Each structure stands twice: as C-alpha cells, then as structure tokens.
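Trainee: I have this model open and would like a close look at one part of it. Could you pick a single element and show me how it sits among the rest?

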Amino acid sequence: MGKIKRSLLKTFLNTDPGKGEGHEEWSLINKGVTSQNYQYNPEITTETYIGDDSASTSVDSYKVSVQTPMTAIQGEPVYDYIDGLRKKRAVGADCETQVLIVNAYDKQAGGAFSAELNQATIQITEFGGDGGKPITLQFTIALNGDPTLGTAKIEANGKVTFTKTVVGG
C-alpha cells in the first residue's frame with residue numbers, strides 16, 4: 001500500500017457550459033493552481049434525547065465548496081473562463097457550470113476511473129496581487145445538489161468522457 005499523490009485527484013471544469021449536456025468542454029484545473037481542497041461543510045443536527053445524558057449528532061447534508069487560488073496564466077482554459085466571468089461580473093445562471101471530480105487512483109473496468117459529476121456555481125472572491133508578482137485570481141466553486149456518480153475515461157490527448165452509473169440496470 002502506498003500513499004496517493006494529489007495529482008491523482010483530478011478536478012475538471014466545464015469551460016463552455018453553453019454547449020449543453022453531452023458537449024462539455026472539460027478543462028483540467030492544474031496550471032496556476034498549487035493547492036486546492038474540498039471543504040465538505042456538513043450541516044448537522046445535535047440532539048440530547050430525554051433518556052440520554054450525552055448528545056447524538058447526525059449529518060443532514062453537505063455544502064461542499066472548493067476554494068481555488070490561481071496564478072493568472074493567459075491562454076490557460078480554466079483561467080480564461082474564470083477571468084471572463086470576473087470581467088463581466090457574472091451573476092445568476094451565468095455563473096453556473098459543471099465540475100467533474102475524477103479519482104484517478106481508483107481504476108475501474110475498462111481503464112476508467114471512479115468519478116462524480118456536479119452542478120456548480122463559480123464565485124469570484126479576489127483578483128490582484130503584490131507588486132512585482134504575478135496576478136492571482138481566487139475563486140470558490142460551490143457544488144450544487146447531489147453528485148451524479150459514474151466513471152471517467154481520460155484519453156492520452158486529455159479528452160475526458162463521463163459515463164453515469166446505472167443503478168439496478
């Protein structure tokens with residue numbers, strides 16, 4: 001058993017959501033990003049029942065978000081897409097896209113990897129930086145609703161194909 005490297009948790013952003021389902025433009029969040037963590041932010045209920053002296057806690061839902069600080073790299077598809085949202089101060093449906101999380105350490109049949117497709121909202125949080133340094137763009141990806149579970153195949157040319165898992169099919 002070995003440690004799993006961060007490079008095997010791949011996050012793809014649909015950088016052309018206007019094309020519609022089945023025509024996603026999956027761009028890997030990579031260049032310009034040196035750290036990225038998923039905050040699951042569980043919503044919980046804690047109750048102490050009348051026959052107990054200690055509380056019980058249940059997890060009701062999750063409010064997953066991904067804070068992403070990115071160095072501006074012109075021509076990088078993710079940066080260009082997010083910067084475009086920033087420039088037009090996008091709101092509402094213009095901030096909505098999809099995120100595909102691929103567990104490239106979890107190989108499935110046929111060479112695909114376990115994956116989850118999420119509806120998402122992009123929130124621009126900061127833009128700028130210090131003198132003499134590259135521009136940074138910080139944004140948050142809020143995952144909306146329940147994920148669609150499935151598998152993803154990553155071709156040698158970087159093209160990604162997601163296949164939804166059919167339950168009881």
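Mentor: Happy to: let's take helix α1, residues 77-87, and work outwards from there.

Some ground rules come before the details. This is a predicted model, in which local features need pLDDT of at least 70 and side-chain atom pairs count only at pLDDT 80 or more, while totals for chains, interfaces and linings use all residues. Residues are numbered from 1 along each chain as its sequence is written, and side-chain values use heavy atoms, with hydrogens and water left out.

Element names such as α1 come from DSSP runs, numbered from the N terminus: H or I over at least four residues for a helix, E over at least two for a strand. Start with the side of α1 that is covered. Val78, Tyr79, Tyr81, Ile82, Asp83 and Leu85 are buried in this helix; buried means under 20% relative accessible area, exposed means over 50%, and partly exposed lies in between, with a 1.4 Å probe and protein chains only. These buried residues pack against β1 (9-14), β2 (26-28), β6, β7, β8 (113-128) and β9 (136-154). Packing here rests on contact, which means heavy atoms within 4.5 Å.

Now pick out Asp83, a charged residue in the buried set of α1. Its relative accessible area is 6%. Leaving aside neighbours within four places in sequence, Asp83 is in contact with Phe127 and Leu137. Asp83 also takes part in salt bridges, each one a side-chain nitrogen of Lys or Arg within 4 Å of a carboxyl oxygen of Asp or Glu. One partner is Arg86, with the closest N and O atoms 2.7 Å apart. The other is Lys87, where the N to O distance is 3.5 Å.

Where do these partners sit along the helix relative to Asp83? Arg86 is three residues from Asp83, about one helical turn, and Lys87 is four residues away, again about one turn. An α-helix has 3.6 residues a turn, so residues three or four places apart point the same way. The partners are less hidden than Asp83 in terms of class: Arg86 is partly exposed at 24% relative accessibility, and Lys87 is exposed at 61%, whereas Asp83 is buried.

Just past the helix there is a backbone detail worth finding. Arg89 takes a positive phi of about 45° just after α1. This residue lies in the loop between α1 and β7 (96-107), and Arg89 is exposed at 72% relative accessibility. Most residues other than glycine have a negative phi. Asn41 is another non-glycine residue with a positive phi of about 45°; Asn41 is in the loop between β3 (37-39) and β4 and is partly exposed at 32%.

Back to the inside. A nonpolar core is a set of buried Ala, Val, Leu, Ile, Met, Phe, Trp, Tyr and Cys residues joined through side-chain atoms within 4.5 Å. The largest one has 22 residues, and Leu13, Ile82, Phe139 and Ile141 touch the most other members. Two or more residues each come from β6, α1, β7, β8 and β9. Our helix gives the largest share, five residues. Phe139 shows the link to α1 well: not counting residues up to four places away in sequence, Phe139 touches Val78 and Ile82, among others that include Val66, Met70 and Ile124. Apart from this core lies another, of 11 residues, including Phe12, Val102, Ala104 and Ala115.

For contrast, look away from the helix. The structure holds five salt bridges. One of them joins Lys63 and Glu43 at 3.5 Å, N to O. Lys63 is in the loop between β5 (56-62) and β6 (65-71) and Glu43 is in strand β4 (residues 42-47), so this pair ties together parts that are 20 residues apart in sequence. Lys63 is exposed at 52%, and Glu43 is partly exposed at 35%. Elsewhere, Asp16, Lys19 and Glu25 are linked in a network of salt bridges.

Strand β4 also holds Ile44, which is partly exposed at 49%. With Tyr40, Val59 and Tyr62, Ile44 forms a nonpolar surface patch of about 430 Å² accessible area together. Patches take residues with over 30% relative accessible area and no salt bridge, joining nonpolar side chains (Val, Leu, Ile, Met, Phe, Trp, Tyr) within 5 Å and like charges within 9 Å. The areas come from the Shrake-Rupley method with a 1.4 Å probe, and for residues only the protein chains shown count as cover.
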